[in-house]
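Hi,

Here is the structure I promised to pass on. Have a look at it first, and then read on for what turned up.

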Amino acid sequence: MADNELVAFRERWNQELKSRKEENPLVCASTSSSGDDPGQLGHNDLNKSCDTLKQKESSCTEDERSGGNAAAEAGQPQYVSIAHSLLDGRTSPLLDRIQQEKMRRKRQYHNMTNMCSVSRQQQMQPQRKVKKEEELVDQLIQDLNEVNDIPFFDVELPYELAMKIFEFLNCAELGRCAQVSRAWRVLAEDGVLWFRMCQREGYHQDASVSSSPCWKSTLRDCRNSYRAVCSNWKNRVGCVRQLQFELGKILCNVSSCDSFVLAGYTSGDVRLWNTLHWDLTSSYLKTNSLSANTHPRPHVSHVQVNSTVAAASYEDGCVDLWSTETGGEPIYHYQSPGRIQAFGLSLDSPVLVSATGTKVRLDSADDYGHWRTVCETKLPKTVESLTLVPNRTDQSPLVVLAAGEDIYLLNPQEEEQPRTLHSVYGHPVTCLDASNTLSAFGVKRTGWAMHDGGNKVG
């Protein structure tokens, strides 16, 4: 609106106000002259004025609905109609426009926000999908944790029965089971399982469960050693180590079993090595007082060793027995009347046999480790070789002897005298060996032979 129009609007407004003031006293005078009671007339005038106000308000609303079109039709400016409505107590038609503008802007704002929300939802949809997948994974992990906290072996099955099931698994399957849960790992790493697996594969047949602190590591070491031996054998790879005792000493006899090596010398010394520890020196095995005080000391004629004891015989007929764990002083000693021609020690039981001429002596240890003489016998001929039957741990010891052309079997519990297994005149026996069921020997003229009639010793 320009400045001149504003001035004209103000002048027009003042004129209408003045005319309005001049009309009001006339209306009041006419109304006051029409009634008798002034109080009653005033009350009637008040009611009439209220009715006129209501009629004006209704007419104002009709004028607002018509808007500025009625003013334009009357040929009056729009601001005149606005002034008239303000003077009559009616609301301005600009409020409708303001309200419409507000509604329009509100709809525009809602449309813009809806478009933004739709685009944002489209952008957030993959993230919501990923989040939903993460929630599912978290739920799955939680369920697995609940299952692991209460495994079915702890609830449904006793520990012993679960161990019976795990006995049918191999190493790879036990390793997979150990990764399932803590309870399954305890079962899969039980020492009894690995001990039995170690024995099934042929390692440490004579050991017990308490022999090793970790049978899983023991089985792994045994397998690695076996692979190394096979690889070295295939590739022609070997290693030679010298178990040298002292320079100038002559080696008379040597024996080995498992990881032990026993050697006897012309000086009368007996030395024991453990091949598991190559960096250690040999163990010093002391001789008996009789052989130690003899000058010169008698030579060592025979030595034998197994996993628990080591034995040696001397030229003067003395026999000493040591423990492979302690060494030092002999744990058993006896004196024979002459030189010992044959000497033997069982590889799997504490049994020692010696032959001096035609006399045979058998010594054994009881359950408490005390050694004693089991039997003494005499053959018709000089004993040249002998061997102990293996795998007789819980049974009576058996000895197979060769004397000239005869083969004898000695069982101290059944017979006092040895039983003849073979005898051929003019064919002396040169070598002898025995197992738990068979006896094999060689003769001087016809070579190796096998006697099927009397060689059954089991």
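Let's start with a pair of strands: strand 1 (residues 251-257) and strand 2 (residues 260-265) run antiparallel and are paired over six bridges. Bear in mind throughout that this is a predicted model. If you want a spot to look at in that pair, take asparagine 253, whose bridge partner in strand 2 is glycine 264.

The two strands make a hairpin, with two residues between them. Which residue in the turn has a positive phi? That is aspartate 258, with a phi of about 55°. Why might you pause there? Because most residues other than glycine have a negative phi. Aspartate 258 sits in the loop between strand 1 and strand 2, and with a relative accessible area of 68% it is exposed.

Asparagine 391 is another one to look up. Its phi is positive too, about 60°, although asparagine 391 is not a glycine. You will find it in the loop between strand 13 and strand 14. Is asparagine 391 buried or exposed? It is exposed, with a relative accessible area of 54%.

Next, the sheet. Four strands form an open sheet in the order 9-10-11-12, and the pairing is antiparallel. Strand 9 (342-345) and strand 12 are at the edges with a single partner strand each, so one side of each has no neighbour in the sheet. On average, neighbouring strands of this sheet are turned by 15° against each other, if you ignore direction. As general background, strands of a sheet pair through backbone hydrogen bonds, either parallel or antiparallel.

Inside that sheet, strand 10 (residues 351-356) is joined to strand 11 by six bridges, with the two running antiparallel. One residue facing across is serine 354, which stands opposite arginine 361 in strand 11.

Arginine 361 also brings us to the salt bridges. How many salt bridges does the structure hold? There are 11. The general idea is that side chains of opposite charge can pair when their charged atoms come close. Here are the ones I would look at:

- Arginine 361 and aspartate 363 meet through their side chains, at 3.2 Å from N to O. Both arginine 361 and aspartate 363 are buried.
- Lysine 381 bridges to glutamate 405, with 2.8 Å between the closest N and O atoms. Lysine 381 belongs to the loop between strand 12 and strand 13 (385-388), and glutamate 405 to the loop between strand 14 (399-403) and strand 15 (406-410), so this pair ties together parts that are 24 residues apart in sequence. Lysine 381 is partly exposed, at 35% relative accessible area, whereas glutamate 405 is buried, at 17%.
- Glutamate 189 and arginine 185 form a salt bridge through their side chains, at 3.4 Å from N to O. Glutamate 189 counts as partly exposed, at 38% relative accessibility, and arginine 185 counts as partly exposed at 48%.

That last pair belongs to a network of salt bridges that links Arg185, Glu189 and Lys216.

Now for the pockets. In general, rolling a probe the size of a water molecule over the atoms shows where empty space is left. The largest pocket has a volume of about 450 Å³. Its lining has 17 residues, and Asp206, Ser307, Thr308, Leu347 and Asp348 are the ones that lie nearest its centre. What is that lining made of, by class? It has eight nonpolar, six polar and three charged residues.

The second largest pocket holds about 360 Å³ of space. It is lined by 16 residues, with Ser364, Ala365, Asp366, Gln395 and Pro397 nearest its centre. By class, this lining divides into six nonpolar, six polar and four charged residues. You can connect the second largest pocket to the sheet above: strand 11 (359-365) and strand 12 (371-378) each supply at least two residues of its lining.

If you only have a few minutes, I'd begin with strand 11. It pairs with strand 10 in the sheet and supplies residues to the lining of the second largest pocket.

Cheers

Key:
Residues numbered from 1 in each chain as written. Predicted model: local features only at pLDDT ≥ 70, side-chain atom pairs only at ≥ 80, totals over all residues. Heavy atoms only, no water. 1 Å grid on protein atoms, 1.4 Å probe; cavity = no way out; pocket = protein on both sides within 12 Å on 5 of 7 lines; lining within 4 Å. Points joined across faces, edges and corners; volume = space filled by probe spheres on them. Nonpolar A, V, L, I, M, F, W, Y, C, P; charged D, E, K, R; others polar. Salt bridge = Lys/Arg side-chain N within 4 Å of Asp/Glu carboxyl O. Buried < 20%, exposed > 50% of the residue type's maximum accessible area, 1.4 Å probe, protein only. Pairing = 2+ DSSP bridges. Axes fitted to C-alpha atoms, helices over the stretch in contact; angles between N-to-C directions.
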